[in-house]
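Grab a coffee and open the viewer. Here are some exercises to work through with the model on your screen.

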Amino acid sequence: MRRIWRVCRGSVAGGIPVSDENSRASANRAARNEKKEAYLRAIYDRYTAEFRAAENQDALTIARSTHSTMDTVLQADRAKNPGSENIRCGKSCSHCCREAVEIWPQEAALLAGVVRETGMVLDMARLERQSAYTVDTWRQQPPADKACLFLGSDGACTVYESRPNACRKLLVVTDPALCDAEKSKPDSVGRWFSWEAELMESAALEVFGAALMPAALLAALSAK
Ligand code: SF4
């Protein structure tokens with residue numbers, strides 16, 4: 001399992017011998033970290049088991065139900081987290097839609113279904129070009145090629161109801177102006193973060209398989 005949590009480290013001061021205090025603080029930190037790690041692992045294992053049990057269902061059922069679960073998780077976590085009211089994502093703020101997006105095959109099947117049902121015309125030449133890039137090389141594309149094929153000219157997602165979970169959970173709390181990678185440093189963007197959403201998506205990518213959206217979509221559109 002990808003370790004997506006970090007162990008916190010800090011310093012301790014006090015009026016008892018430093019070595020005793022240090023070792024006690026160190027033991028307490030280790031115990032807290034162990035407890036947190038066990039808690040997070042339990043969430044990951046639960047989703048892994050759920051996805052393994054669902055693997056034989058049809059692709060669209062898996063995609064829709066997993067998207068619905070993601071929305072529920074995010075809604076519940078946002079209700080509990082006071083910082084989440086600062087989420088600034090909105091129409092036309094679409095920097096994330098120019099980044100590499102990992103999805104699983106059932107999400108690709110759902111998107112391909114939307115394309116077929118709506119008669120949406122995709123720029124297949126650009127999709128082919130995008131498919132040649134990996135997570136590591138994605139940013140080497142010409143700027144005009146990087147945008148997701150589903151990003152509308154008004155900056156809105158044209159498949160919003162069927163967008164992948166990677167898009168659902170990516171929520172930014174800093175000024176949308178900072179999302180412009182040409183003008184701001186990437187680390188100036190602050191994200192609101194749900195552990196459960198991250199672990200759930202890690203489990204889905206692990207169980208169902210991960211691919212960048214262009215390659216996965218191309219495969220799904222080619223499938224009968
Ligand atoms: S599917 Fe929609 S939200 Fe996700 S990257 Fe594409 S345009 Fe953006």
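What follows is a set of tasks, each with a step-by-step solution.

A quick note before starting: this is a predicted model, where local features need pLDDT of at least 70, side-chain atom pairs count only at pLDDT 80 or more, and totals for chains, interfaces and linings use all residues. Residues are numbered from 1 along each chain as its sequence is written, and side-chain values use heavy atoms, with hydrogens and water left out.

**Exercise 1. Place Asp77 and list what it touches.**

Step 1: find the element. Asp77 sits in helix 2, which covers residues 59-80. Helices here are DSSP runs of H or I with at least four residues, strands are E runs of at least two, and both are numbered from the N terminus.

Step 2: check the accessibility. Asp77 has 15% relative accessibility, so it counts as buried. The cut-offs are under 20% relative accessible area for buried, over 50% for exposed, and partly exposed in between, with a 1.4 Å probe and protein chains only.

Step 3: list the contacts, meaning heavy atoms within 4.5 Å. Leaving out residues up to four places away in sequence, Asp77 touches Trp192, Ser194, Trp195 and Glu196.

**Exercise 2. Work out the salt bridge between Lys80 and Asp77.**

Step 1: recall the general idea. Side chains of opposite charge can pair when their charged atoms come close. The cut-off used is a side-chain nitrogen of Lys or Arg within 4 Å of a carboxyl oxygen of Asp or Glu.

Step 2: apply it. Lys80 and Asp77 pair up at 3.5 Å, N to O.

Step 3: look at the spacing. The two residues are three apart in helix 2, so about one helical turn separates Lys80 and Asp77.

Step 4: compare the partners. Lys80 is exposed at 64% relative accessibility, while Asp77 is buried at 15%.

**Exercise 3. Go through some of the other salt bridges.**

Step 1: get the total. The structure holds ten salt bridges.

Step 2: take Glu99 and Arg139, whose side chains meet at 2.9 Å, N to O. Glu99 is in the loop between helix 2 and strand 1 (102-103), and Arg139 is in the loop between helix 4 (124-131) and helix 5 (165-168), so this pair ties together parts that are 40 residues apart in sequence. Glu99 is partly exposed at 22%, and Arg139 is exposed at 55%.

Step 3: move to Asp123 and Arg126, where the closest N and O atoms are 3.7 Å apart. Asp123 is partly exposed, at 38%, whereas Arg126 is buried, at 14%.

Step 4: look for a network. Salt bridges link Arg46, Glu50 and Glu196.

**Exercise 4. Describe the second largest pocket.**

Step 1: sort out the terms. On a 1 Å grid over the protein atoms alone, a pocket is an open set of points with protein on both sides within 12 Å along at least five of seven lines, a cavity is a set where a 1.4 Å probe fits but cannot get out, and lining residues have an atom within 4 Å of a point. Points are joined across faces, edges and corners, and a volume is the space filled by probe spheres set on them.

Step 2: read off the volume, about 190 Å³ for the second largest pocket.

Step 3: walk around the lining. Tyr39, Leu40, Ile43, Asp77, Lys80, Asn81, Trp192, Phe193, Ser194, Trp195 and Glu196 line this pocket. Helix 1 (18-54), helix 2 and helix 6 (195-208) each give two or more residues, and helix 1 has the largest share, with three.

Step 4: sort by class. The lining has six nonpolar, two polar and three charged residues. Ala, Val, Leu, Ile, Met, Phe, Trp, Tyr, Cys and Pro count as nonpolar, Asp, Glu, Lys and Arg as charged, and the others, Gly among them, as polar.

**Exercise 5. Do the same for the cavity.**

Step 1: count. There is one cavity of 30 Å³ or more, and the largest cavity has a volume of about 90 Å³.

Step 2: look at its lining of 15 residues, of which Gln130, Trp138, Cys148, Met213 and Pro214 lie nearest the centre. Helix 7 (213-222) and helix 4 each supply at least two lining residues, and helix 7 gives the most, three.

Step 3: classify. The cavity lining splits into twelve nonpolar, one polar and two charged residues.
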